[in-house]
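The exercises below treat strand pairing and charged side-chain contacts in one chain, and each task is followed by a worked solution. Please look at the sequence and the model before reading on.

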Amino acid sequence: MVTVTVYSRQGCHLCEIAEKSLEDLRKELVFTLETLYIDGNAELEKLYGTEVPVIHINGEHHDFYRVDPVRFRTCLEKYRQHQ
């Protein structure tokens, strides 16, 4: 099973939109979705700072700020083909 991780911040409007978009795609494309909040985690704040939301597919960086559904589908399918 593929895991999609969203690195997020509390109260982040773009993060909420990205999470909603991914939740809608999850129903269609079947993957596990997890949200990790970087607030208070010095290491994650240093890595991602104001670039949230940051999206990873099975631990590999996919994108940040917004979810492009077409690009996400394409990347997810390519990832599955190489497993």
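Helices (H or I, at least four residues) and strands (E, at least two) are DSSP runs, numbered from the N terminus, and two strands pair if DSSP finds at least two bridges between them. The model is predicted, so that local features need pLDDT of at least 70 and side-chain atom pairs count only at pLDDT 80 or more, while totals for chains, interfaces and linings use all residues. Residues are numbered from 1 along each chain as its sequence is written, and side-chain values use heavy atoms, with hydrogens and water left out.

**Exercise 1.** Determine in which sense strands S1 and S2 pair, and over how many bridges.

*Solution.* Begin with the two segments, residues 3–8 for S1 and residues 32–37 for S2, which pair in the parallel sense over 6 bridges. One of the bridge partners can then be located: Thr3 is matched by Thr32 in S2. Finally, add helix H1 (residues 13–29), which together with S1 and S2 makes a right-handed β-α-β unit; right-handed means that, with the strands pointing away from the viewer, the path from the first strand over the helix to the second runs clockwise.

**Exercise 2.** Find which residues are joined with Arg9 into one salt-bridge network.

*Solution.* A salt bridge requires a side-chain nitrogen of Lys or Arg within 4 Å of a carboxyl oxygen of Asp or Glu, and the structure holds 7 of them. Take first the contact of Arg9 with Asp39, at 3.0 Å from N to O. This pair links distant parts of the chain, 30 residues apart, since Asp39 is in the loop between S2 and helix H2 (42–48) and Arg9 is in the loop between S1 and H1. Next, the side chain of Arg9 also meets that of Glu45, at 3.6 Å from N to O, and here the partners, Glu45 being in helix H2, are 36 residues apart. Through shared partners, salt bridges therefore join Arg9, Asp39 and Glu45 into one network.

**Exercise 3.** Explain why the salt bridge between Arg73 and Glu28 ties together parts that are apart in sequence, and state how exposed Arg73 is.

*Solution.* The two side chains meet at 2.7 Å, N to O. Because Arg73 lies in helix H3 (residues 69–81) and Glu28 in helix H1, the pair ties together parts 45 residues apart in sequence. Arg73, at 30% relative accessibility, counts as partly exposed (buried means under 20% relative accessible area, exposed over 50%, partly exposed in between, with a 1.4 Å probe and protein chains only), and Glu28 is partly exposed too, with a relative accessible area of 49%.
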